[in-house]
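Hi,

Here is the structure I promised to pass on to you. Have a look at it first, and then read my notes below.

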Amino acid sequence: MSRRAVGRRDRAVDAGAQPPADAFVPRGQYIRPVVVPTRIRSLAPRMPKSHFYDLSDAERTAATIESIDARRTMVERWSSLADERPRGWTVRARIAGKWLRDQPAVADLGCGTQVLEAHLAPGTLYLPVDVVARDGRTVVVDLNREPLPRLPARAAAALGLLEYVFEPEALVAAMFAAFDVVVTSYNPRDLPAALADRHANGWVNAFDQAEFEQLFIRAGYHLDRRYAFDKRQVIWRFTTAKPAPGSKSPR
Ligand SMILES: C[S@@+](CC[C@H](N)C(=O)[O-])C[C@H]1O[C@@H](n2cnc3c(N)ncnc32)[C@H](O)[C@@H]1O
């Protein structure tokens, strides 16, 4: 398999700089974000920014392998979500919203288009975190390179994020130190409709369902709820407190 380079190291994205013109900016306005200070080095990719899915399978696979080898988040892919497939993301956001309804504050790690916010209980303090500033509230951090920011929330969502994390064990351990409740989704490799070529989707790891659950259990969490959907995704609720015996897993 070709491992040709996909870019060169000459562009720096400053977390305080204006986002690219095609970045996702809700409400049509960019407000300079108050962010955890960070500078994110990015390879200037050969692929046009935001057109990951315009590339061929082979090119996307090569770009992903390159990013794994370099331990480099593909920030250029995430600078715009216009070419992603956010429609499928509403199912998990709806379930996560229900499972987080009792939480006064929720950190949304890898918030993307922030679909989750609308599904939380009214009045919930919503704290979006992402490698790209999605709006003026976004705490900008590359979770592959930088520590989890300290946030005023004891609950977090990590939906469609851990597929893109090189060291999920370390991130889950940091989550355990920060959050009592985590709702997370993942595409395990052993589900009936699991994608055969994970690299073509940009996924950098490949856990089966049991291995993924063990990441959280080894960190100290208890499995509270699990729900499989789409024939290839699972969403879980993990808690630091042991669930009451016989407690159900309602959706
Ligand atoms: C597949 S999208 C999911 C978006 C959202 N959670 C949802 O389910 O609708 C992945 C999100 O994670 C963010 N992301 C990817 N790698 C990241 C990293 N290393 N640090 C922080 N955010 C990251 C991307 O920018 C993108 O917004």
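Let's start at the ligand: helix 3 (residues 89-99) gives the largest share of the shell around it, 3 residues. Keep in mind as you read that this is a predicted model. There are 20 residues around the ligand, and those that come nearest are Trp78, Trp89, Gly110, Gly112 and Gly160. Sorted by character, the shell has 11 nonpolar, 6 polar and 3 charged residues.

Now zoom out to the protein chain. You should find 5 helices and 9 strands in it. Reading from the N terminus, their order is β-β-α-α-α-β-β-β-β-α-β-α-β-β. The chain has 251 residues, and 37% of them are buried. If you take the contacts with a separation of 6 or more, 65% are between residues 24 or more positions apart.

Next, the sheet. It is an open one built from 7 strands, in the order 5-4-3-6-7-9-8, with mixed pairing. Which strands stand at its edges? They are strand 5 (139-140) and strand 8 (222-229); each has a single partner strand, so one side of each has no neighbour in the sheet. At the strand 5 end, strand 4 (residues 125-130) runs parallel to strand 5, and 2 bridges join them. Aspartate 130 has valine 140 in strand 5 as its bridge partner.

Helix 3 comes back here, since this helix packs on the sheet: it touches strand 6 (155-158), strand 7 (181-186), strand 8 and strand 9 (233-239), and its direction makes about 20° with that of strand 9. Its buried residues are Arg92, Ala93, Ile95, Ala96, Gly97 and Trp99. Strand 6, strand 7, strand 8 and strand 9 are among the elements that cover them.

Helix 5 (residues 209-219) also runs at about 20° to strand 9, and lies across strand 7, strand 8 and strand 9.

Helix 4 (residues 168-178) is a nice one to rotate on screen. Pro168, Leu171, Val172 and Met175 are buried there. Looking down the axis of helix 4, you will see these buried residues within an arc of 95°, so they line one face of the helix. What do they pack against? The partners of the buried residues of helix 4 are strand 6, strand 7 and helix 5. On the face turned away from the buried side, look for Glu169 and Ala177, which are exposed.

Finally, two residues with a backbone angle worth a look. Most residues other than glycine have a negative phi. Arginine 71, though, has a positive phi, near 50°. You will find arginine 71 in the loop between helix 1 (57-70) and helix 2 (75-78). Is arginine 71 buried or exposed? It counts as exposed, because it has 11 C-beta neighbours inside 10 Å, and the cut-off for exposed is 12 or fewer.

Lysine 231 has a positive phi as well, near 65°. Its place is the loop between strand 8 and strand 9. Lysine 231 counts as exposed too, because it has 9 C-beta neighbours inside 10 Å. Leaving out neighbours within four places in sequence, lysine 231 is in contact with Leu191, Pro192 and Ala193. Alanine 194 is 37 residues away from lysine 231 along the chain, yet their C-alpha atoms are separated by 7.5 Å.

Have fun looking around, and write back if anything is unclear.

Cheers

How values were computed. Residues numbered from 1 in each chain as written. Predicted model: local features only at pLDDT ≥ 70, side-chain atom pairs only at ≥ 80, totals over all residues. Near = placed C-beta within 6 Å. Helix = DSSP H or I, 4+ residues; strand = E, 2+ residues; numbered from the N terminus. Nonpolar A, V, L, I, M, F, W, Y, C, P; charged D, E, K, R; others polar. Buried ≥ 20, exposed ≤ 12 C-beta atoms within 10 Å, placed from the backbone. Contact = placed C-beta atoms within 7 Å. Pairing = 2+ DSSP bridges. Axes fitted to C-alpha atoms, helices over the stretch in contact; angles between N-to-C directions. Arc of directions from axis to C-beta.
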